[in-house]
Amino acid sequence: MKLTNRNEWNKAEFQCALTKELDSLSKMDTSKYYDMFHHYILVDQIGLKEKCLAIRVPGGTVGGIWIDENNAITKIHVDTDYVVKTYPSNINELMQKFVGEVIEVQL
């Protein structure tokens, strides 16, 4: 899964198929504020060292993506009780389709 920069001023914020799926499932992509408020993955040195990348929206971290030494996704978890209240009840099950995919990012 290839990650692309979310914006030009913060090189640690990325979007990809997973974040677009979260936007769609949470109905954020139907908002008139969609350009400002959507999911992104924070890829920084701490996350890479700890093998856990934060899934964020402006204002908070809503979950994590755990990766192995080859950057393959081993686990995904989304917190349904924090910040975003519009996730479907089975969001974590729906995200499992991304487990096993390799994250490709150029820092």
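**Questions on a predicted fold**

Mentor: Let's start at the hairpin of β4 and β5, which has 2 residues between the strands: Gly59 there takes a positive phi near 110°. This is a predicted model, where local features need pLDDT of at least 70, side-chain atom pairs count only at pLDDT 80 or more, and totals for chains, interfaces and linings use all residues. Residues are numbered from 1 along each chain as its sequence is written, and side-chain values use heavy atoms, with hydrogens and water left out.

Trainee: What makes β4 and β5 a pair?

Mentor: Strands pair if DSSP finds at least two bridges between them. Strand β4 and strand β5 (residues 60-67) have 6, in the antiparallel sense, so they qualify under the two-bridge rule. Within that pairing, Ile55 stands opposite Gly63 in β5.

Trainee: And which strand pairs with β4 over 3 bridges?

Mentor: That's β3 (residues 40-42), again antiparallel, with β4 covering residues 52-57. Here Tyr40 faces Arg56 of β4.

Trainee: How many helices and strands does the chain have?

Mentor: There are 3 helices and 6 strands, taken from DSSP runs (H or I of at least four residues for helices, E of at least two for strands) and numbered from the N terminus. Along the sequence you get β-β-α-β-α-β-β-β-α.

Trainee: Why is the chain called as compact as a globular protein of that length?

Mentor: Its radius of gyration is 13 Å, close to the 13 Å from the globule rule for 107 residues, so the label fits. The radius is taken over C-alpha atoms, and the rule is 2.2 Å times the number of residues to the power 0.38.

Trainee: Why is Glu13 called buried?

Mentor: Buried means under 20% relative accessible area, exposed over 50%, partly exposed in between (1.4 Å probe, protein chains only). Glu13 comes out at 9%, so buried is the right word. Glu13 sits in strand β2. Not counting residues up to four places away in sequence, Glu13 touches Thr4, Asn5, Arg6, Asn7, Tyr40, Ile41 and Leu42, where contact means heavy atoms within 4.5 Å.

Trainee: How do you know which side of α1 the buried residues are on?

Mentor: The buried ones are Leu18, Thr19, Leu22 and Asp23. They cover an arc of only 140° around the axis, which puts them on the same side of α1; the arc is that of the directions from the helix axis to the C-beta atoms. Their cover includes β2 (13-15), β3, β4, β5, β6 and α3.

Trainee: What makes a set of residues a nonpolar core, and which members of the largest one touch the most others?

Mentor: The set needs buried Ala, Val, Leu, Ile, Met, Phe, Trp, Tyr and Cys residues joined through side-chain atoms within 4.5 Å. The largest core has 24 residues, and Leu18, Leu22, Ile55, Ile65, Ile73, Ile76 and Met95 touch the most other members. At least two of its residues come from each of α1 (17-25), β4, β5, β6 (73-78) and α3 (91-95). Leaving aside neighbours within four places in sequence, Leu18 contacts Met1, Ile55, Ile65, Ile76, Met95 and Phe98.

Trainee: How do you know whether Cys16 is bonded to its closest cysteine sulfur?

Mentor: A disulfide is a pair of cysteine sulfur atoms within 2.5 Å. The Cys16 sulfur is 14 Å from the closest one, in Cys52, so that's too far for a bond. The structure holds 0 disulfides.

Trainee: Are the two cysteines buried or partly exposed?

Mentor: Cys16, at 5% relative accessibility, counts as buried, while Cys52, at 25%, is partly exposed.
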